[in-house]
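This report describes the fold of a single protein, going from the overall layout to its sheets, its helices and a few individual residues. The sequence and structure are shown below.

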Amino acid sequence: MVSTVNTKEVIVIGKIMILSFSDAEEHILDKLKAVFEDEKNIEYIEIMPKSVLRFHELEIHVKEQEVYRRGTRVSLSRQEFLALQLLSEHPGWVCTKEQIYDAVCTDLKLESIDNSVYCIVHSLRKKLEADPQHPQYIQTVRGIGYKFISKIENS
């Protein structure tokens, strides 16, 4: 049974663990695993986003903000990369045009949402798809938005 005491302490089966907000994410995970190491019925799953996402002929290096198609670097604008990152980190999920717009248009929001997102996705398809008319990565969900349709490959 886990209960939150406050934002810095967690009581776990009679054990107290104090996490500092300055701890690195990996350090926090190590502390949590150490607390639970004696528990037999706990299954660990990957909760940290992967730094490299692989799909068919596409590699997305999240931390470096670089994309490679068939091993060749693809030059993307910041907005294109952010849109691709949002979609690819949630394959199969439908992202609305508004969600994509909010994620990529961090400056003044003066443009039309539909037109802005359409232009970004159109440009991504031209750069990433073998045949932009028959996309294998980003699919249009008519009237709603877009979804990433390629399955993630394990490293």
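## Overall architecture

Of the contacts in the protein with a separation of 6 or more, 39% are accounted for by residues 24 or more positions apart. The model is a predicted one. The protein contains four helices and ten strands. Read from the N terminus, the order of elements is β-β-β-α-β-β-β-β-α-β-α-α-β-β. Of the 155 residues in the protein, 32% are buried.

## The four-stranded sheet

One open sheet is built from four strands in the order 4-5-6-7, and the pairing is antiparallel. Strand 4 and strand 7 form the edges, each of them pairing on one side only. On average, neighbouring strands of this sheet are turned by 25° against each other, with direction ignored. Helix 4 packs on this sheet, where it touches strand 5, strand 6 and strand 7. The direction of helix 4 makes about 45° with that of strand 6. Helix 2 also lies across part of the sheet, namely strand 4, strand 5 and strand 6 (66–69), and runs at about 105° to strand 5.

Within the sheet, strand 4 (residues 52–55) is joined to strand 5 (residues 58–61) by four bridges in the antiparallel sense. Arg54 stands opposite Glu59 of strand 5, and Phe55 has Leu58 of strand 5 as its bridge partner. The hairpin formed by strand 4 and strand 5 has two residues between the strands, and His56 adopts a positive phi near 45° there.

## Arg73 on an edge strand

Arg73 belongs to strand 7 (residues 72–74), which is an edge strand of the four-stranded sheet. Is Arg73 buried, partly exposed or exposed? Its relative accessible area is 47%, and Arg73 therefore counts as partly exposed, since that class lies between the 20% limit for buried and the 50% limit for exposed.

When neighbours within four places in sequence are left aside, Arg73 is in contact with Glu66, Val67 and Tyr68. Ile60 lies 13 residues from Arg73 in sequence, and the two C-alpha atoms are 9.9 Å apart in space.

## The three-stranded sheet

A further open sheet has three strands in the order 8-10-9, again with antiparallel pairing. Its edges are strand 8 (94–96) and strand 9 (138–141), each pairing on one side only. Neighbouring strands here are turned by 35° against each other on average, direction ignored.

Four bridges link strand 9 and strand 10 (residues 145–148) in the antiparallel sense. Thr140 has Tyr146 of strand 10 as its bridge partner. Helix 2 (residues 78–88) packs on this sheet and touches strand 8, strand 9 and strand 10, its direction making about 65° with that of strand 10. Helix 4 (residues 113–128) lies across strand 9 and strand 10 and runs at about 150° to strand 9.

## Helix 2 and its burial

Helix 2 touches strands of the three-stranded sheet and lies across strands of the four-stranded sheet. How many of the eleven residues of helix 2 are buried? Eight of them are, and helix 2 is thus mostly covered. The buried residues are Glu80, Phe81, Leu82, Ala83, Leu84, Gln85, Leu87 and Ser88.

## The contact of helix 3 with helix 4

Two packed helices are described by the angle between their axes and the distance between the axes. For helix 3 (residues 97–104) and helix 4, the axes come within 9 Å and cross at roughly 75°. Helix 3 is therefore roughly perpendicular to helix 4, a term that covers angles from 65 to 115 degrees.

Helix 3 contributes Lys97, Glu98, Ile100, Tyr101 and Val104 to this contact, and helix 4 contributes Ile113, Asp114, Ser116, Val117 and Ile120. These residues divide into six nonpolar, one polar and three charged.

## Cysteines and disulfides

How many disulfides does a search of the whole structure find? The search finds zero. Cys95 has a relative accessibility of 5% and so counts as buried, because the limit for that class is under 20%. Cys119, at 39% relative accessibility, counts as partly exposed.

Terms used: Residues numbered from 1 in each chain as written. Predicted model: local features only at pLDDT ≥ 70, side-chain atom pairs only at ≥ 80, totals over all residues. Heavy atoms only, no water. Disulfide = S-S within 2.5 Å. Buried < 20%, exposed > 50% of the residue type's maximum accessible area, 1.4 Å probe, protein only. Pairing = 2+ DSSP bridges. Axes fitted to C-alpha atoms, helices over the stretch in contact; angles between N-to-C directions. Contact = heavy atoms within 4.5 Å. Parallel < 35°, antiparallel > 145°, perpendicular 65-115°, else oblique. Nonpolar A, V, L, I, M, F, W, Y, C, P; charged D, E, K, R; others polar.
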